[in-house]
Amino acid sequence: DAALAYHSALELHGRAYSSFNEVQFLTGRKIRPFEFRGVQYRPVGIPPALGRAGREDLGIQSIDRGGETLKVTTLERSLVDALDRPELCGCWEEVWRSLEMIEYLDLALVCRYVHALGNATTAANASTSGTKSGESAATRRSNPGSALRLPKRSSSSARRISARTHP
C-alpha cells in the first residue's frame, strides 16, 4: 500500500533541486523508519482527512521504472504536499527551488486535492499566485482537466498556484 511521496516523489519526477539520502513514502500501516543499503526510509501516514473520506489514492499514479511498477504522488499532489509539510522536503528554499522546476500542472487536480486535505493553511499557501516583488497577484482561469503552464521565475521568487478565479 506504499507510494513514494514528498521529496522522494519530486526526485522521481526529476523536479527535486537536491538529492536526498532519505526516501519518504505514504503508508496506511504503522512502520518504523529504517535503513537499507545506506538509505534512510521514512514512512509517513496518510493525511487523516483523506483517510476519513476514503480518498487515500487521490493524486497517486503508477509508473514503470526499470520494469517495476511504482506508486508515486503526481506532481500536483507533490506540490500541495510540499506546501502542507515542507519539513518532509528539506527546507523552504528546497521546496521553492524544486517547485520552480515544474512547468505544467493540472489545476483541477491541485484544487481537488487541496479541498480534500481540508487544511486552511495549505489552501492559503496554494491559493496565491507566485509573483516577483511589486507585481500584483494574477489569477488564472482553468477548465477542469486543463493544464496550467507556469512561467519561469527567478530562484528568489516563491511560486504558488492560484486556485481562485475571478469573473
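Start by selecting Glu22: its relative accessible area is 25%, so it counts as partly exposed. On this scale buried means under 20% relative accessible area, exposed over 50%, and partly exposed in between, with a 1.4 Å probe and protein chains only. A word on what you have open: this is a predicted model, where local features need pLDDT of at least 70, side-chain atom pairs count only at pLDDT 80 or more, and totals for chains, interfaces and linings use all residues. Residues are numbered from 1 along each chain as its sequence is written, and side-chain values use heavy atoms, with hydrogens and water left out.

Now add Arg42 to the selection. The side chains of Glu22 and Arg42 meet in a salt bridge, 3.8 Å from N to O. Arg42 sits in strand β4 (residues 39-45) and Glu22 in strand β2, so the pair ties together parts that are 20 residues apart in sequence. Like its partner, Arg42 is worth colouring by accessibility: with a relative accessible area of 30%, Arg42 is partly exposed. The rule for a salt bridge is a side-chain nitrogen of Lys or Arg within 4 Å of a carboxyl oxygen of Asp or Glu, and by this rule the structure has 5 salt bridges. Helices (H or I, at least four residues) and strands (E, at least two) are DSSP runs, numbered from the N terminus.

Next, pick Arg29 and Asp1. Their side chains form a salt bridge too, at 3.9 Å from N to O. This one links distant parts of the chain: Arg29 is in the loop between β2 (22-27) and β3 (34-36), while Asp1 is in the segment before β1 (3-4), 28 residues away. Both Arg29 and Asp1 are exposed.

Stay in that loop between β2 and β3 and click Ile31. With a relative accessible area of 37%, Ile31 is partly exposed. Add Phe34 and Phe36, and you have a nonpolar surface patch of about 270 Å². Patch members have over 30% relative accessible area and no salt bridge; like charges are joined within 9 Å, and nonpolar side chains (Val, Leu, Ile, Met, Phe, Trp, Tyr) within 5 Å. The areas come from the Shrake-Rupley method with a 1.4 Å probe, and for residues only the protein chains shown count as cover.

Now go to helix α3 (residues 75-84), and select Arg77 and Asp81, which lie 4 residues apart there, about one turn of the helix. They form a salt bridge, with the closest N and O atoms 3.4 Å apart. Are these two buried or exposed? Both are buried. Show the whole of α3 and you'll find it mostly covered, with 9 of its 10 residues buried; among them are Leu75, Glu76 and Leu79.

For the next stop, select His7 in helix α1 (residues 6-12). At 0% relative accessibility, His7 counts as buried. Which residues does His7 touch, not counting those up to four places away in sequence? Show Ala16, Ser18, Phe20, Gln24, Leu88, Cys89, Glu94 and Ser98. Contact here means heavy atoms within 4.5 Å.

From there, hop to Cys89, which counts as buried at 1% relative accessibility, and then to Cys111, partly exposed at 26%. Don't hunt for disulfides (cysteine sulfur pairs within 2.5 Å): the structure holds 0.

Finally, zoom out. The protein chain has 6 helices and 8 strands, and of its 167 residues, 41% count as buried.
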